[in-house]
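Let's take a friendly walk through a protein model. Have a look at the picture first, then read on.

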Amino acid sequence: MKLFRFALALSLACVLTTGCAKGPGDNAAGGPSGSGRLQIAGLGKSVHPFWDQVEMGMKAAAGKAGVDVEFYVPSKEDAQKQAEKIKSWVALGKNGILFAASDPETVGPAIKDAIARKITCVAMDTDAPDSGRAAYVGTDNYLAGKTAAEEMAKELGGKGKVCIATGSVTASNSLERIKGFKEVMAAKYPGITVLPEVLVDNEDRAVAIQKAKAKLAATPDLAAFFGVYALNGPSCAIATESAGRTGKVKIVCFDNLKEHMNMLKQKKLDVVIGQRPYLMGLKGVEVISAIIRDGKDEALKGMGARNGIIDTGVDIVRPQDVEKYRAELKKLGIPVEGW
Ligand code: BGC
């Protein structure tokens with residue numbers, strides 16, 4: 001288990017320093033609310049507790065930085081709705097947009113237009129470098145995919161059939177995780193076969209469960225699922241349990257929400273790769289406020305960004321680590337309710 005590595009300690013130190021922001025500077029016109037405060041909008045990808053944590057982080061930073069925040073998610077993956085929302089925020093005169101593009105091709109033009117109108121745009125959770133965003137705040141998804149593969153190989157003892165399940169085949173975070181995962185398997189674990197069909201649910205839980213059930217029925221010798229998005233691990237666990245194969249089919253998956261952590265305790269999940277969505281929201285608002293106040297270069301330097309990227313890090317958690325993990329997250333101010 002990699003817990004609270006130096007990266008997190010460092011990032012939290014940053015949070016604490018930048019959290020005491022001086023407030024908007026001269027170059028930062030207050031937004032349209034009449035409050036005189038900066039108006040920052042956050043755009044998530046689907047209705048899911050993962051995004052509730054991002055919103056919580058945004059609100060925590062807003063309180064400290066003296067800015068107003070608003071948050072929106074479509075019910076499931078819908079890049080078109082995301083683009084429309086961005087356009088409406090541009091029309092409303094928001095000062096900053098923190099966004100997670102479900103499809104950079106569809107969302108990118110709206111972001112480019114916002115940037116042309118001097119709105120500070122920062123990507124979170126899933127990067128969209130071609131949009132011209134000022135920075136990215138979130139997981140290094142390619143590396144995290146490789147990490148997931150190493151953990152999977154340990155669980156399988158280097159052999160067996162693995163099925164990948166994801167919520168998106170357009171968002172860059174999903175594509176990068178899958179790429180990292182497959183590359184490690186191909187290069188290092190010849191005994192592991194990654195099935196060519198990737199289960200795609202467009203962040204719709206009912207579809208995710210139904211596809212996992214069908215795959216289990218069609219593959220009696222399936223050894224494991226790799227759950228790429230937060231909704232995949234639990235959906236695969238529900239399907240596996242209903243097939244009476246819990247424990248026989250391993251599940252390595254992303255995220256550390258209440259449902260994951262309870263399933264991990266019950267050994268319905270084997271390994272979770274915990275992202276830090278709360279920090280994505282928190283640092284996202286901080287970096288947008290800092291860019292508007294101090295300019296991009298100074299702001300990114302102050303937040304410890306590398307090549308425009310603020311890496312929020314991941315934790316690897318197994319059932320035996322849960323109690324310790326909760327205590328550590330709590331100590332760091334990251335919400336841990338319900339598990
Ligand atoms: C991903 C998000 C996704 C969420 C919910 C997370 O693992 O980083 O992009 O929206 O899962 O499925």
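Here is a short tour, from the whole protein down to one helix pair and one lysine.

This is a predicted model, so local features need pLDDT of at least 70, side-chain atom pairs count only at pLDDT 80 or more, and totals for chains, interfaces and linings use all residues. Residues are numbered from 1 along each chain as its sequence is written.

The protein has 12 helices and 13 strands; these are DSSP runs, with helices (H or I) of at least four residues and strands (E) of at least two, numbered from the N terminus. Of its 339 residues, 53% count as buried, meaning that 20 or more other C-beta atoms, placed from the backbone, lie within 10 Å of a residue's own.

Now for a pair of helices that pack together:

| Helix | Residues |
|---|---|
| α7 | 205-218 |
| α8 | 232-242 |

Their axes (lines fitted to C-alpha atoms over the stretch in contact) sit 8 Å apart, at an angle of about 45°. That makes α7 oblique to α8, the word for angles that are not under 35 degrees, over 145 or from 65 to 115. Among the residues that meet are Ala208 and Leu216 in α7, and Cys236 and Ile238 in α8. The residues of this contact split into 7 nonpolar, 4 polar and 2 charged.

Next, is lysine 146 buried or exposed? It's buried, because lysine 146 has 22 C-beta neighbours inside 10 Å. You'll find lysine 146 in helix α5 (residues 141-156). Leaving out residues up to four places away in sequence, lysine 146 touches Gly180, Phe181, Glu183 and Val184, where touching means C-beta atoms within 7 Å.

Technical notes: Axes are lines fitted to C-alpha atoms, for helices over the stretch in contact, and angles run from 0 to 180 degrees between N-to-C directions. Two residues are in contact if their C-beta atoms, placed from the backbone, lie within 7 Å. Ala, Val, Leu, Ile, Met, Phe, Trp, Tyr, Cys and Pro count as nonpolar, Asp, Glu, Lys and Arg as charged, and the others, Gly among them, as polar. A residue is buried if 20 or more other C-beta atoms lie within 10 Å of its own, exposed if 12 or fewer, and partly exposed in between; C-beta atoms are placed from the backbone.
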